[in-house]
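Q: Please take a close look at one part of this protein, the second largest pocket. How much space lies in the pocket, and which residues lie nearest its centre?

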Amino acid sequence: MANFGFITALRFPLALLVVFIHAYNAPWQTVEGETLQHFATFFSHTVPAFSVPLFFAISGFLFFRRTPFLTPSLYGDKLRRRVHTLLIPYLVWNLIAFALYALKDIAAGSPLSLDISPDIFWGCKVRGSTGENLFGLPYAAATAPIQLQLWFVRDLLVLTLLAPLFSFLIRRMNWGALLLLGGIYYTHLWGNPGGLSFEGFWYFGLGAWCGIKHIDVAGLARRLFPLSLTLTLLTLLLSPSLIGSSLPPTLRLLVAEVYNYAAILTAIGLATRYAACRQTPPLLADSSFFLYASHTIVLLPLTTAAVSFGSTQGEAIQLLLFLTCPIVAVAICLTAFAFLTRYLPKLSAPLCGKPIR
């Protein structure tokens, strides 16, 4: 049986990268300074860009890795498990976020900025922007629920429901399924209906294809590691936040896409090497969902305080504060996770993506 320890090894690092994605948030963006902007863009937008795509790919791979033939009974079992690991945590965290926003408004003596409605679970926030595809057709901005980063879980729930469609396409079309999904994704033919982007469809489908076709992902990443590491470092160097700002827009997009795939292979290669010689500490492996879901609740007030202090300081202090905020937020979230799982295991299960036992 194949060893998938690399997936366990990847959980915490990928969640950590998501924390850094949200580290360059609205408070920091009000601080002037070209050095800070380049530094923050590099660590929040460039380096972690592959993390969410890899999360989607792992989800598709795990869905099909042991059940490439998706029978109705197996499909039903998988849906029931994901009610506990995805749906219930998704609802709970969005309700917590709504309650915190409501308390903030009440404390300020203001009317509620958001009414409780089904939209807080789907698309009350906007992410990305509108645009036109290669054929001049418009596509809308994507949306997110009230707990912004949980758009990933929302999309993953939709993809889980559509898993039989992925199975059908991959079995009937083989490589053609990847060409179809990739073509739709890269030409923006999907107009983001209902705020649902096609990013998850493409990367989940890529992972599903590897799972159904029994691709030795770890072995492939191990063999290609020298090449993928070289491409990862080269494309990082060519990113706009370093020396690539003068590149033509089309070339910048190409560099970004090459970076995503090279970094995905590099991350799997590093995780495979790590898993071969040691085990991931349970605290880190088990806390990844909690960290993913909770970090913005901690990160925003930390950032607000850091910006308030750092705006009058030099850029060196600002850079240090920028790096410190996500690290402190992670430490607080891990402490909360350890406390909840030890002393309130049943109550905390929905917060951690675990079934209630």
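A: What follows describes the protein as a whole, then the pocket, then two residues.

This is a predicted model, in which local features need pLDDT of at least 70 and side-chain atom pairs count only at pLDDT 80 or more, while totals for chains, interfaces and linings use all residues. Residues are numbered from 1 along each chain as its sequence is written, and side-chain values use heavy atoms, with hydrogens and water left out.

The protein has 16 helices and 4 strands; these are DSSP runs, with helices being H or I of at least four residues and strands E of at least two, numbered from the N terminus. Its C-alpha trace spans about 60 × 55 × 50 Å along the principal axes. Of its 357 residues, 47% count as buried, where buried means under 20% relative accessible area, exposed over 50% and partly exposed in between, using a 1.4 Å probe and protein chains only.

The second largest pocket holds about 1100 Å³ of space. A pocket here is found on a 1 Å grid over the protein atoms alone, as an open set of points where a 1.4 Å probe fits, with protein on both sides within 12 Å along at least five of seven lines; lining residues have an atom within 4 Å of a point. Grid points are joined across faces, edges and corners, and the volume is the space filled by probe spheres set on the points.

The lining of this pocket comprises 31 residues, and Arg-11, Leu-62, Arg-82, Thr-85 and Leu-86 lie nearest the centre. Two or more lining residues come from each of α1 (5–21), α4 (51–64), α5 (72–107), α6 (151–161), α13 (282–286) and α14 (288–310). By class, 16 of the lining residues are nonpolar, 7 polar and 8 charged.

Thr-160 sits in helix α6. With a relative accessible area of 3%, Thr-160 is buried. Leaving aside residues up to four places away in sequence, Thr-160 touches Phe-63, Tyr-75, Leu-79, Arg-82 and Leu-86; contact means heavy atoms within 4.5 Å. Arg-82 and Leu-86 are also among the residues nearest the pocket centre.

Gln-318 belongs to helix α15 (residues 315–343). Its relative accessibility is 4%, so Gln-318 counts as buried. A polar atom of the Gln-318 side chain lies 3.3 Å from the backbone oxygen of Gln-313. Outside the four nearest places in sequence on either side, Gln-318 touches Trp-28, Val-31, Glu-32, Leu-36, Gly-310, Ser-311 and Gln-313.

Terms used
Ala, Val, Leu, Ile, Met, Phe, Trp, Tyr, Cys and Pro count as nonpolar, Asp, Glu, Lys and Arg as charged, and the others, Gly among them, as polar. A polar contact is a pair of N or O atoms within 3.5 Å; within protein, one must be able to donate a hydrogen and the other to accept it, and residues adjacent in sequence count only if both atoms are side-chain atoms.
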